[in-house]
Amino acid sequence: MSFRRGLLSFVGVVGVGVLLRYTVVPSEEQMLERLSPELRAEHERRKAQRRENHDAIMTQMLKDAQSDRPIWG
């Protein structure tokens with residue numbers, strides 16, 4: 001009986017936590033809507049910069065993967 005009670009308590013606590021997370025924590029779109037135009041522009045600029053860096057790294061990785069030399073060389 002105590003195992004069942006403990007399991008129900010655990011499920012209840014986790015369920016309340018999940019419910020609170022989805023009702024209280026704003027989504028990324030909601031956060032961006034609340035930002036000032038200057039901060040939103042800064043965010044977009046940094047996001048574009050991160051995307052460019054990621055693309056450059058992926059291009060280099062694909063080029064290295066096609067070569068016969070080891071990656072540490």
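Tyr22 is exposed, with a relative accessible area of 63%, and this residue has its place in helix α1. The structure described here is a predicted model, and the paragraphs below move from the surface of helix α1 to the charged residues and then to the end of the chain.

Tyr22 belongs to a nonpolar surface patch of about 770 Å², which is made by Phe3, Leu7, Phe10, Val11, Val14, Val18 and Tyr22. Helix α1 itself covers residues 2-24, and among the elements of the chain it has the highest mean pLDDT, 95, whereas α2 has the lowest, 90. For the chain taken as a whole, the mean pLDDT is 92, and 97% of the residues reach 70 or more.

A second kind of surface patch carries charge instead. Glu28, Glu29, Glu33 and Glu44 gather on the surface in a patch of negative charge, and helix α2, which spans residues 28-34, supplies the largest share of that patch, namely three residues. Glu44, by contrast, lies in helix α3, which runs over residues 37-66. How exposed is Glu44, a member of this patch, at its relative accessibility of 40%? Glu44 counts as partly exposed, because 40% falls between the 20% under which a residue is called buried and the 50% over which it is called exposed.

Charged residues may also be joined in pairs. Side chains of opposite charge can pair when their charged atoms come close. A search of the whole structure finds three salt bridges, and they are set out in the table with the distance from N to O.

| Residue pair | N to O distance |
|---|---|
| Arg45 and Glu42 | 2.6 Å |
| Arg46 and Glu42 | 2.9 Å |
| Arg69 and Asp64 | 3.3 Å |

Glu42 forms a salt bridge with Arg46 and also meets Arg45 in a salt bridge, and in this way Glu42, Arg45 and Arg46 are linked in a network. Why are Arg45 and Glu42 separated by about one helical turn? The reason lies in their positions along helix α3, because the two residues are three residues apart in that helix. Glu42 and Arg46 likewise both lie in helix α3, and their spacing of four residues is again about one turn of the helix.

The members of this network can also be described by their accessibility. Glu42 has a relative accessible area of 29% and is therefore partly exposed. Arg45, at 43% relative accessibility, counts as partly exposed, and Arg46, at 46%, counts as partly exposed too.

In the pair formed by Arg69 and Asp64, whose side chains meet in a salt bridge, the two partners fall into separate classes of accessibility. Is Asp64, with its relative accessible area of 19%, buried or exposed? Asp64 is buried, because 19% is under the limit of 20%. Arg69, on the other hand, is partly exposed, with a relative accessible area of 45%.

The last residue to consider is Trp72, which lies in the segment after α3. Trp72 has a relative accessible area of 74% and is therefore exposed, since this value is over 50%. The C-alpha atoms of Trp72 and Leu7 are separated by 50 Å, and the two residues are 65 residues apart along the chain. Leu7 was met earlier as one of the residues that make the nonpolar surface patch.

Note on methods. Residues numbered from 1 in each chain as written. Predicted model: local features only at pLDDT ≥ 70, side-chain atom pairs only at ≥ 80, totals over all residues. Heavy atoms only, no water. Patch = residues over 30% accessible without salt bridge, like charges linked within 9 Å, V, L, I, M, F, W, Y side chains within 5 Å. Areas by Shrake-Rupley, 256 points an atom, 1.4 Å probe, with all protein chains shown as cover. Salt bridge = Lys/Arg side-chain N within 4 Å of Asp/Glu carboxyl O. Lys, Arg positive; Asp, Glu negative; His and termini not counted. Charge placed at Lys NZ, Arg CZ, Asp CG, Glu CD. Buried < 20%, exposed > 50% of the residue type's maximum accessible area, 1.4 Å probe, protein only. pLDDT = per-residue confidence, 0-100.
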